[in-house]
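Biologist: Please take one part of this model and look at it closely, saying how its side chains are placed and what lies beside it.

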Amino acid sequence: MAARRQTQSDESGTAVDAATESGATAPGTTVAERIRRVGALSPGERKIARALMARYPAAGLESTSGLAGRAGVSPPTVVRFVARLGFDGYRQFQQSLRDEVQARRASPLTLTPLINDASTGSDIAAATEEVGRAALRQTFAALPEQEFDRAVNLVCDPAKRICSFGGRFSYLLAQYLDLHLRLLRPGTVVHQQTPGRDAGFLVDLGQRDVCVVFDFRRYQRDTVELARFAHGRKARIVLVTDQWLSPIAEFADVVLPTRVESPSPFDSIVAPTALVEAFVAAVHARLGDSAAERMAAADAAWGDFTTE
């Protein structure tokens, strides 16, 4: 869970996150991250934030009046909101969103690695450590605490079935999460990388389900469509994604963004894995005795499988 950070007061007396003001303009900070960090919003600003996140990032690429009309506020309110996010003007705000669009489309063929064939072993180790540390630090600094708590509450609800799934690579995280959850509570399942082909799964999806979905750039079409189908069936959606936000974020109940930077041209799952482990720790703590009893029963059923 994101640590509670100290706050300071602005001229109007509103509490502002001290980390926000210094971190909002850090290189690579997305508009969505700026919104999460900005602190208390006025009613008009909340309307703009909701309109922008409901169709992110496309809504922000509209004109000032277009975004204002979508949010039901005046154009000057949009201009003030953009300045509140730390931008010099609406043009800079839109350029940041255009940069995000390009980043969302990046692939191992277009990303420039930090290492090459001349890099030594120590160079590679140092770059990997530096990038990994930064990804972990930025992920947990920006992690929305209320969203994290909502996800934990959903997964701990005994009346819910927990369904985890992901894409070609992110499926590994869904499987890793489920391996832990099945030891902590009943009614969990992980689906294969092509779960959309499982007609029984589609038929059974409903409002008793919580789908924990992993989706990172380049966002996988069948994963997005399966999540959309589950949403249409009234299932709750918990999305773990990258800082640019999968299209699933438009309709997800909970969005947990992570950093995926890597020294190689392939996105990293170091920070997403750490987030899963933090999530498992929180679920274990929340379930308490019931989780301990289930873990003991699982050990007894499994038997002694370790070696001395």
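Modeller: What follows starts with one strand and then turns to a helix and the cysteines.

This is a predicted model, in which local features need pLDDT of at least 70 and side-chain atom pairs count only at pLDDT 80 or more, while totals for chains, interfaces and linings use all residues. Residues are numbered from 1 along each chain as its sequence is written, and side-chain values use heavy atoms, with hydrogens and water left out.

Strand β7 covers residues 254–258, and five of its five residues are buried, where buried means under 20% relative accessible area with a 1.4 Å probe and protein chains only; strands are DSSP runs of E with at least two residues, helices runs of H or I with at least four, both numbered from the N terminus. In a regular strand the side chains alternate between the two faces of the sheet. In β7, V254, L256 and T258 point one way, V255 and P257 the other, and all are buried. Beside β7 runs β6 (residues 236–242), paired with β7 in the parallel sense over five bridges (pairing requires at least two DSSP bridges), and T241 stands opposite P257 of β7.

Elsewhere, the buried residues of helix α6 include Y90, F93, L97 and V101, and their cover includes α2, α3, α4 and α5.

As for the cysteines, C163 is buried because its relative accessibility is 0%, yet its sulfur lies 4.8 Å from the closest cysteine sulfur, in C211, which is too far for a bond. The whole structure holds zero disulfides, a disulfide being a pair of cysteine sulfur atoms within 2.5 Å. C156, at 12% relative accessibility, also counts as buried.

Terms used. Buried < 20%, exposed > 50% of the residue type's maximum accessible area, 1.4 Å probe, protein only. Contact = heavy atoms within 4.5 Å.
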